[in-house]
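Dear colleague,

I am passing on the structure we spoke about, and I would be glad if you could look through it with the notes underneath.

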Amino acid sequence: GLDIYARATSPLRRYSDLLVHQQIRSFLKNEPTLPESEILERMTQGETGAFRATVAERRGITHWTLVELKQRGSASFAGVVIEKMDNRCRVLFPELAIDAILRNLGEVELDQELELAPVRIDIPELTVAWRKSQG
């Protein structure tokens with residue numbers, strides 16, 4: 001029966017939740033609340049910052065995973081085919097906690113386990129080229 005409502009959880013989780021808490025606090029104190037345009041601008045800035053932080057975190061994790069791969073030299077890793085797409089497939093490497101889209105591995109089936117080795121690791125570009133292991 002309300003004209004408007006807002007969903008809010010812990011203000012420590014998301015910036016939009018903090019804004020909701022600030023608005024409620026201002027309303028309960030009979031203080032002016034922020035206009036809609038200000039809320040939308042702040043939410044956009046908060047979401048942009050959160051997105052950039054997530055991207056930076058993922059890139060950092062990928063960087064250190066590739067450093068580890070490079071240090072292991074010619075080691076091979078078990079990968080599991082988790083998705084098929086024409087001549088490509090997505091392979092999950094449980095030991096490394098990463099997945100990769102690989103091309104031209106031949107006929108593969110879902111859930112098939114493959115032994116793969118990195119052949120080219122480009123840390124600045126955050127990429128790895130894989131090949132089927134001979135062993």
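The notes below go through the helices, then the core, and end with a patch on the surface.

Please keep in mind throughout that this is a predicted model.

I begin with helix H2, which runs over residues 36-71. At 1.5 Å a residue, its 36 residues should span 52 Å, and because the end C-alpha atoms are 52 Å apart, the model agrees with that expectation. Within H2, the residues Ile39, Thr65, Leu66, Val67 and Leu69 are buried, and the cover over the buried residues of this helix includes H1 together with strands S1 (77-85), S3 (98-103), S4 (113-122) and S5 (127-132). Just after H2 comes Gly73, which takes a positive phi of about 65 degrees.

As for the interior, the largest nonpolar core has 18 residues, and those with the most contacts inside it are Val91, Phe93, Leu105, Leu116 and Trp130. At least two residues of this core are supplied by each of H2, S1, S2 (88-93), S3 and S4. If you would like one residue to start from, Val91 has contacts, leaving aside its neighbours within four places in sequence, that include Gly79, Val80, Val81, Ile98, Leu102, Leu105, Leu114 and Leu116.

On the surface, Ile24, Phe27 and Leu28 make a nonpolar patch of about 360 Å². Leu28 belongs to helix H1, which covers residues 15-28, and Leu28 counts as exposed because its relative accessible area is 64%, where the cut-off is over 50%.

With best wishes

Terms used:
Residues are numbered from 1 along each chain as its sequence is written. This is a predicted model: local features need pLDDT of at least 70, side-chain atom pairs count only at pLDDT 80 or more; totals for chains, interfaces and linings use all residues. Side-chain values use heavy atoms; hydrogens and water are left out. Patches are made of residues with over 30% relative accessible area and no salt bridge: like charges are joined within 9 Å, nonpolar side chains (Val, Leu, Ile, Met, Phe, Trp, Tyr) within 5 Å. Accessible areas come from the Shrake-Rupley method with a 1.4 Å probe; for residues, only the protein chains shown count as cover. A salt bridge is a side-chain nitrogen of Lys or Arg within 4 Å of a carboxyl oxygen of Asp or Glu. Helices (H or I, at least four residues) and strands (E, at least two) are DSSP runs, numbered from the N terminus. Buried means under 20% relative accessible area, exposed over 50%, partly exposed in between (1.4 Å probe, protein chains only). The expected span of a helix is 1.5 Å times one less than its number of residues. Contact means heavy atoms within 4.5 Å. A nonpolar core is a set of buried Ala, Val, Leu, Ile, Met, Phe, Trp, Tyr and Cys residues joined through side-chain atoms within 4.5 Å.
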